[in-house]
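Got your viewer open? Let's take a walk through this structure together, one selection at a time.

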Amino acid sequence: MLLGTIARLHKDYISFRNDGVPFPLESVIAWYALLALQEQRNIRGNILEMGVEHGGTAFLGVVALREDERIDLIDLKKSPRFTNVAESLPITIASRVHFHECSTRSPELSKIAQQRFRFVHIDAGHSRQDVFHDIGRFAACVAQDGILCLDDVFEIRWPGVTEAMFEAIPFTGLVPFLFVNRKLYLAPAEIADLYRQMLVAALPEIEAFGPVRHWTEKMLGSDTLIWKQTLKTNDLNLLFAPTD
């Protein structure tokens with residue numbers, strides 16, 4: 001059951017982080033659901049994130065790592081909040097968290113850019129030029145059954161993100177399949193619709209956290225699931241209590 005996997009991921013998350021999640025809980029649920037679906041289908045591989053800040057999504061990725069997987073994080077520097085949580089990780093997990101303190105344009109990342117990841121999260125610079133660069137450099141890192149998450153799409157404060165998305169994505173071989181709270185999720189065309197169908201099938205379980213209003217729209221020529229969820233509570237631990 002998807003809820004069982006989500007519950008375990010959340011239990012692992014709060015075992016080392018109890019200061020909340022610094023981004024909308026609606027997105028937390030979508031993130032957990034996608035990682036849980038990857039686990040259920042035995043989709044394996046490392047995770048890549050650029051734009052770490054306090055580590056809200058980075059640590060959600062950390063709890064989804066299997067014993068033979070690692071997560072690569074890219075940002076100009078480690079924030080104190082990220083560092084405090086990272087230092088509390090068990091050594092067996094901490095040894096698989098690799099932080100690259102550099103720009104996404106750095107030559108230091110040349111080997112990273114040649115690897116394949118099951119989950120890639122782009123959330124670094126938000127100008128059109130930065131996002132266009134990051135999509136161009138790292139979209140090819142998405143494995144054939146992997147996911148790319150692009151943050152702040154259609155966010156009024158960051159119009160360059162949306163502009164770069166429409167310009168760059170058509171050249172990547174990736175297509176959208178899910179949009180939740182400013183985060184657009186894409187996958188290779190061959191697998192994207194399967195992800196969408198699995199999410200639609202899982203919605204009755206996801207509604208355990210609150211009713212979901214959902215519909216499908218064409219985006220960049222691909223059927224894309226859009227959902228908006230009315231949560232039972234904004235308290236993270238209370239929200240997940242029914243699945244523990």
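**Start with the whole chain**

Show everything first: of the 244 residues in the chain, 56% are buried, where buried means under 20% relative accessible area, exposed over 50% and partly exposed in between, using a 1.4 Å probe and protein chains only. Before you click on, know that this is a predicted model, in which local features need pLDDT of at least 70 and side-chain atom pairs count only at pLDDT 80 or more, while totals for chains, interfaces and linings use all residues. Residues are numbered from 1 along each chain as its sequence is written, and side-chain values use heavy atoms, with hydrogens and water left out.

Switch to cartoon and you can look for 9 helices and 9 strands; these are DSSP runs numbered from the N terminus, helices being H or I with at least four residues and strands E with at least two. Now show just the C-alpha atoms: they fill a box of roughly 45 × 45 × 35 Å along the principal axes. The radius of gyration is 17 Å, which agrees with the value near 18 Å for a compact globule of 244 residues. That radius is taken over C-alpha atoms, and the globule rule is 2.2 Å times the number of residues to the power 0.38.

Contacts come next, meaning heavy atoms within 4.5 Å. Among those between residues at least 6 apart in sequence, 73% join residues at least 24 apart.

**Zoom in on the rings**

Select Phe, Tyr and Trp. Rings (for Trp, the six-membered one) pair if their centres lie within 6.5 Å; planes under 30 degrees apart count as stacked, over 60 as edge-to-face and the rest as tilted. How many aromatic pairs does the structure hold? There are 7.

Pick Trp-31 and Tyr-185 for an edge-to-face pair, 6.4 Å centre to centre with 65° between the planes. Trp-31 sits in helix α2 (residues 25-40) and Tyr-185 in strand β7 (residues 183-188), so this pair ties together parts that are 154 residues apart in sequence. Is Trp-31 buried or exposed? Trp-31 counts as buried at 3% relative accessibility, and Tyr-185 is buried too, at 0%.

Hop over to Phe-59 and Phe-82, a stacked pair with centres 5.1 Å apart and 20° between the planes. Here helix α3 (residues 56-63) holds Phe-59 and helix α4 (residues 80-86) holds Phe-82, so the pair links parts 23 residues apart in sequence. Both Phe-59 and Phe-82 are buried.

For the last stop, add Phe-119 to your selection: ring pairs link Phe-119, Trp-31 and Tyr-185 into a cluster.
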